[in-house]
Amino acid sequence: MSKTIRLTMAQALATFLTRQKTVIDGKTVPLFGGVFAIFGHGNVAGLGEALYQVRGALPTYRAHNEQGMAHAAIAFAKASFRRRMMAVTSSIGPGATNMVTAAALAHVNRLPLLLLPGDVFASRAPDPVLQQVESFGDGTVSANDVFRPVSRYFDRITRPEQLISALARAMQVLTDPAECGPVTLALCQDVQAEAFDYPAAMFEERVWTPRRPQPDAGELDAAVAAIRAAHKPVIIAGGGVLYSEAAEGLRAFAERHGVPVMETNAGKSSLPHDHPLNMGSVGVTGSSASNLLAEQADLVLAVGSRLQDFTTGSWALFKAEGVRIVGLNVQPFDASKHRALPLISDAKVGLDLLDGRLGNWQADDAWQATAKAAKEKWLGQAKAVTDPTNALPSDAQVIGAVHRARGSEATLVCAAGGLPGELHKLWPAGVPGSYHMEYGFSTMGYEIAGGLGVKIAKPEHDVIVMVGDGSYMMLNSEIASSVMLGKKLTIVVLDNRGFGCINRLQMATGGANFNNLLKDTEHETLPEIDFAAHAASMGAWSRKVASIAELEAGLKDAAAIDRTTVLVIDTDPLISTEAGGHWWDVAVPEVSARPQVNAARREYEAAVKGQRL
């Protein structure tokens with residue numbers, strides 16, 4: 001008879017997580033870097049007790065906001081190139097639903113996250129239990145059903161033995177390069193405490209290493225033929241380059257074949273910013289160099305990119321007649337978008353095979369010369385907008401100051417608003433992973449919590465968080481967590497007194513200045529928010545600076561501080577970098593009483609004609 005171990009469901013779950021391992025740089029390490037937890041009645045007695053028992057092997061981190069802790073867990077996985085991950089647990093009710101935004105973020109960005117919300121009583125004996133959402137027509141529904149559309153795998157554990165198959169399925173999804181994303185195991189709170197004789201084999205150590213799928217021979221032949229026929233090829237480097245640890249292979253491929261590389265927000269830092277073939281960002285927030293080449297390219301090799309609208313200029317960026325797309329991607333869904341020639345493969349493997357099959361083939365010399373000249377022009381444009389100023393600074397000028405003070409060795413973290421567009425264009429990224437942007441879901445509030453997750457994953461790195469005042473106001477509580485955990489962040493808050501990015505979009509589409517900048521809202525008085533004092537109240541070292549020069553000096557001072565530091569600077573909400581960029585499909589009303597809207601509609605109708613359908 002097989003050996004068994006009698007444990008509660010929660011104890012079995014916690015023990016199982018400690019037995020999952022991976023190999024990083026030849027060293028076997030825990031696959032799960034820890035568990036973020038905020039306890040309530042739905043998880044404290046069951047899972048809380050179980051996590052206490054394994055705290056030496058699986059650290060539990062106390063956060064201040066459920067969404068924030070899930071963001072930190074996601075950032076940990078992203079900073080680890082999906083090689084490691086974390087779990088998060090909350091109680092039933094608002095604690096659980098607070099994590100839904102993070103689940104959607106992980107789903108969109110293809111990042112592993114194990115969500116463990118408490119759930120209703122499987123027995124239903126005390127129904128309705130505190131925080132239970134009752135459906136009048138369906139007794140099986142709980143609040144956790146909202147996780148279904150934003151989970152790659154969802155299960156509700158209503159019997160302790162269900163955990164055996166549920167965990168096996170969860171691990172398959174969390175570690176699969178194509179299916180990777182959030183997993184939700186909703187844990188009925190009475191079942192967490194129920195015991196079962198689990199097979200001992202369930203708790204044997206398991207080492208998970210990356211699966212690297214090989215391409216189909218026919219697809220590889222077709223991709224090679226398409227590339228060989230091209231005269232003006234480009235590479236779009238997406239997040240899959242980093243997750244596949246294919247940065248070196250990308251560099252070698254680009255150099256050997258003379259193909260210019262442009263980067264998505266997720267793929268930025270695949271090549272160092274100063275590599276001669278790195279044309280910078282592409283698409284709506286693209287550099288003038290990348291977008292010039294993309295418009296002329298006769299072949300686009302999209303590596304590890306889901307080709308979302310910011311990357312493709314809402315599918316109006318690629319203008320050459322007969323342009324072909326080769327989709328090198330581990331996920332067939334992404335590889336085949338817009339009638340691309342799919343090359344379904346691990347990015348590292350696929351690039352290596354393409355490289356070998358192409359031999360001495362190179363892009364046309366004239367094309368390489370065009371790329372070189374375009375990059376030189378772009379570097380001049382970028383320097384012009386990031387140089388210091390004595391006036392109220394733009395976001396670009398703040399970016400320049402941060403880089404001059406701390407350099408490309410730092411890991412830069414950001415997410416939503418106007419900053420991602422400016423950083424995508426202008427931040428000079430260094431080594432792979434040094435640019436950490438959440439722009440797949442563009443989640444306001446990710447920045448500070450995400451910075452904490454990055455710091456846990458990369459404790460020796462200089463982690464800099466750039467965040468606007470609007471995003472800071474949405475979610476800032478993990479400043480206190482970073483202080484509590486001794487995970488130092490350098491946070492730069494850019495205060496333009498409102499949602500400056502959307503205000504500019506509102507103006508560009510003919511709208512009136514309305515409800516975005518604080519001065520344009522319904523109000524009796526405008527708040528004078530002291531962000532520096534607020535950050536200091538959570539234990540951070542903070543300073544309000546009055547100029548770009550003071551910011552650079554403050555950043556240098558902050559480098560010597562032993563805890564999280566926050567620097568606040570006022571910025572101009574109306575200035576953005578004009579060089580580069582591309583049209584973005586934001587529908588403008590067909591009719592309006594405002595002539596500005598009608599004019600914007602005419603421009604919109606003309607631009608839409610350039611889309612590839």
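Leaving aside neighbours within four places in sequence, which residues is leucine 551 in contact with?

**View 1. Leucine 551 and its contacts in the predicted model.** In this predicted model, leucine 551 is in contact with Val398, Ala401, Val492, Val545, Leu567 and Ile569, once its neighbours within four places in sequence are left aside.

**View 2. The largest nonpolar core, with 57 residues.** Leu551 appears again here, since Val398, Leu423, Met466 and Leu551 are the residues with the most contacts inside this core. Helix α16, which covers residues 395-406, gives the largest share of the core, 6 residues. A second, separate core has 54 residues, among them Ala75, Tyr243, Ile479 and Val568.

**View 3. The largest pocket and its lining.** The space in this pocket comes to about 1,200 Å³, and of the 46 residues that line the pocket, Phe310, Cys501, Arg504, Leu505 and Trp584 are the closest to its centre. Elements that give two or more residues to the lining include α12 (309-312), α17 (419-426) and α24 (595-608), while the largest share, 6 residues, comes from α21. Sorted by class, the lining has 19 nonpolar, 19 polar and 8 charged residues.

**View 4. Cysteines in a structure with 0 disulfides.** Cysteine 414 is in no disulfide, and the nearest cysteine sulfur, which belongs to cysteine 501, is 11 Å away. Cysteine 414 counts as buried because its relative accessible area is 0%, which lies under the 20% cut-off for that word. Cysteine 188 is likewise classed as buried, because its relative accessibility is 1%.

Definitions and conventions: Residues numbered from 1 in each chain as written. Predicted model: local features only at pLDDT ≥ 70, side-chain atom pairs only at ≥ 80, totals over all residues. Heavy atoms only, no water. Disulfide = S-S within 2.5 Å. Buried < 20%, exposed > 50% of the residue type's maximum accessible area, 1.4 Å probe, protein only. 1 Å grid on protein atoms, 1.4 Å probe; cavity = no way out; pocket = protein on both sides within 12 Å on 5 of 7 lines; lining within 4 Å. Points joined across faces, edges and corners; volume = space filled by probe spheres on them. Helix = DSSP H or I, 4+ residues; strand = E, 2+ residues; numbered from the N terminus. Nonpolar A, V, L, I, M, F, W, Y, C, P; charged D, E, K, R; others polar. Core = buried A, V, L, I, M, F, W, Y, C linked by side-chain atoms within 4.5 Å. Contact = heavy atoms within 4.5 Å.
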